[in-house]
Amino acid sequence: MSSTVGRLLPVLTVIDGLVFLASFAQNVGARLTVGPLDVYFAAPVWQAGIGEAVIGMLLLLAAIGDRLRLYWIAYGLSVLGILFGLSSARVVGSAREIHLVLVPLAIVGLLLVAWRRWRGSSA
């Protein structure tokens, strides 16, 4: 099981990072069109986009470096960013709905990081 977690954590972290970067793109006014889906933020908040870019890049760096400390930092900032987004009255529509993807990614990511930490300390 530990080797599965070891392979799953970087993959999940890359996915999470890409979702944050997609959110960044939408917060600076980009429209993301995939087939019949046209996703955009009706009220982009560029300041939030800056934070999302930093978090997304940090998540990607954590996955590439595959270091436990980077994962903790990246997922910690991800949780703070998600909480900030959910608590802001300016985050509406698609910008709020993207949290339906971000929240479970953060939960599973943190569980995998904790599992990896626990397995490392018990080995």
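## Arg116, Asp66 and the surrounding helices

At 24% relative accessibility, Arg116 counts as partly exposed, a value that comes, like every other one in this report, from a predicted model. The side chain of Arg116 meets that of Asp66 in a salt bridge, with 2.7 Å from N to O. The pair links distant parts of the chain, since Arg116 belongs to helix α5 (residues 99-122) while Asp66 sits in the loop between α2 and α3, the two being 50 residues apart. A search of the whole structure finds one salt bridge. In general terms, side chains of opposite charge can pair when their charged atoms come close.

Asp66 also deserves attention for its backbone. Its phi is positive, near 50 degrees, in a residue other than glycine, and Asp66 follows helix α2. Most residues other than glycine have a negative phi. Is Asp66 buried or exposed, or partly exposed? With a relative accessible area of 31%, Asp66 is partly exposed, because this value falls between the 20% under which a residue counts as buried and the 50% over which it counts as exposed.

### The helices on either side of Asp66

Helix α2 covers residues 46-65 and has 20 residues, and its reach of 28 Å from first C-alpha to last is close to the 28 Å expected at 1.5 Å a residue. Helix α3, which spans residues 68-87, has 20 residues and reaches 29 Å from its first C-alpha to its last, close to the 28 Å expected at 1.5 Å a residue.

Which residues of α3 are buried? They are Tyr71, Ala74, Tyr75, Ser78, Ile82 and Gly85. These residues cover an arc of only 95 degrees around the axis, which puts them on the same side of α3. The face of α3 turned away from this buried side carries the exposed residues Arg69, Leu80, Leu83, Phe84 and Ser87.

In α2, the buried residues include Ala48, Gly49, Glu52, Ala53, Ile55 and Gly56, and further along the helix Leu58, Leu59, Leu60, Ala62 and Ala63. Val54 lies in helix α2 as well, and together with Val28, Trp46 and Ile50 it forms a nonpolar patch on the surface, where the four residues have about 410 Å² of accessible area together.

### The nonpolar core

The largest nonpolar core has 21 residues, and those with the most contacts inside it are Leu9, Phe20, Leu59, Tyr71, Tyr75 and Leu102. Helices α1 (2-27), α2, α3 and α5 each supply at least two residues of this core. Which helix gives the most to the core? That helix is α5, with five residues. Among the residues with the most contacts in the core, Leu59 is also listed as buried in α2, while Tyr71 and Tyr75 are also listed as buried in α3.

### Selected residues in helix and loop

Four further residues are set out below, each with its relative accessible area and with its separation, C-alpha to C-alpha, from a second residue.

| Residue | Relative accessible area | Partner | Apart in sequence | Apart in space |
|---|---|---|---|---|
| Phe41 | 5% | Gln26 | 15 residues | 5.8 Å |
| Ile98 | 14% | Arg67 | 31 residues | 27 Å |
| Thr13 | 0% | Asn27 | 14 residues | 21 Å |
| Pro44 | 37% | Phe24 | 20 residues | 9.3 Å |

Phe41 is found in the loop between β2 (37-39) and α2, and with 5% relative accessibility Phe41 counts as buried, because that value is under the 20% cut-off. The place of Pro44 is also in the loop between β2 and α2, although Pro44 is partly exposed, at 37% relative accessible area.

Ile98 is found in the loop between α4 (94-97) and α5. A relative accessible area of 14% makes Ile98 buried, and its C-alpha is 27 Å from that of Arg67, at a sequence separation of 31 residues.

Thr13, in turn, lies in helix α1. Thr13 is buried, with a relative accessible area of 0%, and its C-alpha is 21 Å from that of Asn27, which is 14 residues away in sequence.

Methods. Residues are numbered from 1 along each chain as its sequence is written. This is a predicted model: local features need pLDDT of at least 70, side-chain atom pairs count only at pLDDT 80 or more; totals for chains, interfaces and linings use all residues. Side-chain values use heavy atoms; hydrogens and water are left out. Helices (H or I, at least four residues) and strands (E, at least two) are DSSP runs, numbered from the N terminus. The expected span of a helix is 1.5 Å times one less than its number of residues. Buried means under 20% relative accessible area, exposed over 50%, partly exposed in between (1.4 Å probe, protein chains only). Patches are made of residues with over 30% relative accessible area and no salt bridge: like charges are joined within 9 Å, nonpolar side chains (Val, Leu, Ile, Met, Phe, Trp, Tyr) within 5 Å. Accessible areas come from the Shrake-Rupley method with a 1.4 Å probe; for residues, only the protein chains shown count as cover. The arc is that of the directions from the helix axis to the C-beta atoms. A nonpolar core is a set of buried Ala, Val, Leu, Ile, Met, Phe, Trp, Tyr and Cys residues joined through side-chain atoms within 4.5 Å.
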